[in-house]
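Please open the model in your viewer and keep the selection panel at hand. The stops below go from sheets to helices and then to the contact between chains.

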Amino acid sequence: MNGSDTPGPVVGLEKVTKIFNGSGHPTAAVREVSLEARRGEMVLLLGPSGSGKTTLLTLVAGLTRPTSGSISLFGRSVEAYSAAELQALRAARIGFVFQTFLLIDSLTAAENIEIVLRFNGKRRADRAAKTRALLEELGIGYLAGRFPRSMSQGEKQRVAIARAVANDAELLIADEPTGSLETRQAVDIITLLHGQARTRNATVIVASHDLRLKEFADRTLRLHDGMLAPG
Amino acid sequence: MDMYAVRTLRSQPLRLLLTIGGIALCIVLMLFLLAVYRGVADGSVEYIRQNRADLWVLQDNATNILRGSSLLSLDQINAIAQAPGVRTAAPVLFLLSTVRKGNKVGTVFLTGFEPEKGLGGPPQLVRGRSPRADDEIVLDRSFARKFGFEMGEEVDLQGRPLKIVGISRGTNAFVIQYAFVTLRFARKLIGVPGLATCVLVNAEPGAGIEPIREEVCEVLAGLAAYDQETFLANNVREMRSGFLPLLYTVAIIGAIVLTAILSLLLSVNILERRKDFAILKTLGSPLAFLWGMVIKQALLIASVSCAAALVLFFPLVRVIERLSPEVTTISTGGQIGGVVAAVLLLSLASSGVAIRRLRRIYFLEAFS
């Protein structure tokens, strides 16, 4: 199944609630959230820390199951996917960008990207060529052999974006992508993410508390106490 | 080899080194035990293997010479020699005795045989010759080295002077070593003429051994006769029953320690890198990929440890044999290959223990 062939939304949430039962006290992290994201669309989930943004992203990616409500991914209910299918989906069609970049410290920039390509069974030569091309495209070819510890925050996030789009992901999920960056770097990074998504006609769902991101989003949804706020 | 698998191991060099050292020592222990076992096995039964007799005749109920008690009288020995179809009947008397020179004293498994019969003597001579006269003795190489006895020297055996005329090999049974004298001399030591422990029988050409066995066992009451293969098997079984339980126990302890060390390293590595594993899971890594990394790490450590163990093993064996000459070791390619294969299997078992931890790493840990 290919998302580009699916006429409906890439992501669809219908009255989704997620309750965590920590220490015997149930806490609703997400409550009755309904949303859709179409192909090529950039949706910004704006909200303060603790508003349920990250939980919502993990639900969208099929990493956690909702307590109630339904989620569809690429036109199919998440419930209908097996664990192996969800894993294959994340490897081939979903890219992730995290606030703290989450690069593997013991791998170089190029290896951090290549390892994701391996999950899709790409051959070694193809992986190397694709990684090289991607690093050049993002203007960070010089980082190929460097380890994360020797990179600036902005460079790390560029490598993380390269990793996210390496598999030509149709859905990019970004959790506070500018949260660890200074203003100038933050603008650069969101511009880059936006540009990469546009080039690939990928759907982007960004969770952030950074108001500057509004100007890049096609749609902004405000999240407060796990609920979407009106307007 | 997967770069992630290699680099995560190298990131803690001291820990890696200690692990490899610990595992290598376990492998050395296993190799050493096997080598000692082979040495003991060889030393215990090489005498029987090399003294090829059609039949070994002993007192009934004695199935072997290592831990059996048998005494044959002169009448029985003569009757065996005169049985139809017997070409040679060579009596052999085994005794425990002490060899002494000055303040050096060692106990030997004294073997009295008739040199002219060509049976029952030392299986292999590394120097010198077999005893011909009653004042001559052949000592085991390890025994001679341990006590510093040299060829041509005179030693004392229960008050009787004997000249060392030969040094034998394949005669070190670890806890005791063979020494060879004439049967006449051995009999003088116990003061009872005509006694023997067993008789080695060779049949006339063309004569079957079954009629001889029947004659010996049925006509001469109280005797048992074994063909070469059966008697060798009896002695091997006896040797194993005394030595293998110890070998197995220590080898199993070594294997458990090895598996525990490797499991511990791999598990600690996973726990320290659990965020990496959570990230990889989130990014779509198949479980098989993560398992593969752990298995590669286990195999890599096992392989390096095997190499380190082999580098250590041979010099260590030389040192041990020099310090304790009674320890005779025999190492073969088959033994080494077997240990390496066992270690690789154990490393897979270790990775299996560690892999179980991967299941308890959750996607959400990447977001925390």
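Begin in chain A by selecting the open sheet of 4 strands, whose order is β2-β1-β4-β5 and whose pairing is antiparallel; strands, like helices, are DSSP runs numbered from the N terminus (strands E, at least two residues; helices H or I, at least four), and two strands pair if DSSP finds at least two bridges between them. Its edge strands are β2 (25-37) and β5 (76-77) of chain A, each of which pairs on one side only. This is a predicted model, in which local features need pLDDT of at least 70 and side-chain atom pairs count only at pLDDT 80 or more, while totals for chains, interfaces and linings use all residues. Residues are numbered from 1 along each chain as its sequence is written, chains are lettered from A and ligands numbered from 1 in the order in which they are written, and side-chain values use heavy atoms, with hydrogens and water left out.

Within this sheet, select strand β1 (residues 11-22) of chain A together with β2(A): the two run antiparallel and are joined by 9 bridges. A:Gly12 has A:Glu36 in β2(A) as its bridge partner. Now add α1(A), which packs on the sheet and touches β1, β2 and β4 (68-73) of chain A, its direction making about 120 degrees with that of β1(A); contact here means heavy atoms within 4.5 Å, and angles run from 0 to 180 degrees between N-to-C directions, with axes fitted as lines to C-alpha atoms, for helices over the stretch in contact.

Keep that helix selected, since α1 (residues 53-60) of chain A also lies across β3 (42-46), β7, β8 (203-208) and β9 (219-224) of chain A, running at about 160 degrees to β7(A). Those strands lead to the next stop, an open sheet in chain A of 6 strands with mixed pairing, in the order β6-β7-β8-β3-β9-β10. At its edges are β6 (94-97) and β10 (227-229) of chain A, each pairing on one side only, and neighbouring strands are turned against each other by 25 degrees on average, direction ignored. At the β6 edge, β6(A) pairs with strand β7 (residues 171-175) of chain A in the parallel sense over 4 bridges, and A:Ile94 stands opposite A:Leu171 in β7(A).

Next select α5(A), which lies across β6 and β7 of chain A and runs at about 170 degrees to β6(A). Helix α5 (residues 153-165) of chain A packs with helix α3 (residues 109-119) of chain A at an angle of about 20 degrees, their axes being 8 Å apart. The helices α3(A) and α5(A) are therefore roughly parallel to each other (angles under 35 degrees count as such). To see the contact, show A:Ala109, A:Asn112, A:Ile113 and A:Val116 of α3(A) with A:Val159, A:Ala162 and A:Arg163 of α5(A).

Move to chain B, where the axes of helix α1 (residues 3-10) and helix α9 (residues 287-323) come within 9 Å and cross at roughly 60 degrees. Here B:Tyr4, B:Ala5, B:Val6, B:Thr8 and B:Leu9 in α1(B) meet B:Met293, B:Lys296, B:Gln297, B:Leu300 and B:Ile301 in α9(B).

Finally, display both chains: how many residues does the contact take from each? Chain B gives 22 residues and chain A gives 23 residues. About 2,100 Å² is buried between chain B and chain A, of which carbon and sulfur atoms give 72%; buried area is the accessible area (1.4 Å probe) that two parts lose on being put together, summed over both. Select B:Arg7, B:Leu283 and B:Phe367, which supply 33% of the area that chain B buries against chain A, more than any other three residues.

Definitions and conventions
Parallel < 35°, antiparallel > 145°, perpendicular 65-115°, else oblique.
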